[in-house]
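Colleague: Please take a close look at the nonpolar interior of this model and the residues around it.

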Amino acid sequence: MTISRMPTLFLGHGSPMNVLEENRYTETWRRLGESLPRPQAIVAVSAHWYTRGTAVTAMERPKTIHDFGGFPQALFDTQYPAPGSPELAARLQQLLAPTPVLADRESWGLDHGSWGVLIKMYPQADIPVVQLSIDGTQPAQYHYALGRKLAALREQGVMIVASGNVVHNLRMARWQGDGSPYPWAESFNRYVRDNLRYQGDDHPLVNFMQHEGAALSNPTPEHYLPLLYVLGAWDGAEPISIPVDGIEMGSLSMLSVQVG
């Protein structure tokens, strides 16, 4: 059987309430799940597993983690019982060497950054998922380089689904009113869009803190860094598209990026 190269996705996940709601973002995720080649397995990279060192879930049945508070009980009752894949976790450990990757068999699972989008893409929860953590001690170039290594999995029927928000500043969110975007949020979001297809050294999206709006757009980097895994997995020739975009509450970008 011929396996086509899997696309790779960065999805702006936004509020956990997207799990319960239907809107243009969730409709886009659903459409991607229906239209893209069906993967044999998924490697998820979520902003919400931010660790010292790199780890991968290696259990047969990862738990659904409800890593949020103050939301309706229906959200906490929602489960995403996708199987894990210890075999894929072991492959990841080999592929990312010499970077040490801890096989996590009990402490983590699938957090809302991963299952919150996958539940819309693949609601049957019948595709094996492993989640790769983001090493918060490492610079942006490190994450981009790991994405380059992950690219090999795309030839083996594995889809990379990274999840975060390229603009993520909840302290300045406009919870009331029309939620119109801050100028710095629009500027940084446009900067990301404009540089997705950059080729060469000193990638502007790896060196993203050089942008004047970066510090306000990403007061901490964990929601931005998943994008670099997707950009690292690009072969330099494939199409890169934007399935959906938008800024919510003034300071939360829902930009999604598809490679391949």
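Modeller: The answer starts with the cores and moves on to the aromatic rings and one helix.

This is a predicted model, in which local features need pLDDT of at least 70, side-chain atom pairs count only at pLDDT 80 or more, and totals for chains, interfaces and linings use all residues. Residues are numbered from 1 along each chain as its sequence is written, and side-chain values use heavy atoms, with hydrogens and water left out.

A nonpolar core is a set of buried Ala, Val, Leu, Ile, Met, Phe, Trp, Tyr and Cys residues joined through side-chain atoms within 4.5 Å; buried means under 20% relative accessible area (1.4 Å probe, protein chains only). The largest such core has 52 residues, and Leu-132, Val-192, Tyr-224 and Leu-227 touch the most other members. Beyond its neighbours within four places in sequence, Val-192 is in contact (heavy atoms within 4.5 Å) with Val-166, Leu-205, Tyr-224, Leu-227 and Leu-255. A second, separate core of 29 residues includes Leu-9, Leu-36, Ile-42 and Tyr-122.

Tyr-224 also belongs to a cluster linked by ring pairs, together with Phe-188, Tyr-191 and Phe-208. Rings of Phe, Tyr and Trp (its six-membered ring) pair if their centres lie within 6.5 Å, and the structure holds seven aromatic pairs.

Helix H5 (residues 140-150) has Ala-140, Tyr-142, His-143, Tyr-144, Leu-146, Gly-147 and Leu-150 as its buried residues. Their cover includes strands S3 (54-57), S7 (129-135) and S8 (158-164), and helices H3 (86-95) and H8 (226-232). Helices (H or I, at least four residues) and strands (E, at least two) are DSSP runs, numbered from the N terminus.

Conventions. Rings of Phe, Tyr and Trp (its six-membered ring) pair if their centres lie within 6.5 Å; planes under 30 degrees apart count as stacked, over 60 as edge-to-face and the rest as tilted. Buried means under 20% relative accessible area, exposed over 50%, partly exposed in between (1.4 Å probe, protein chains only).
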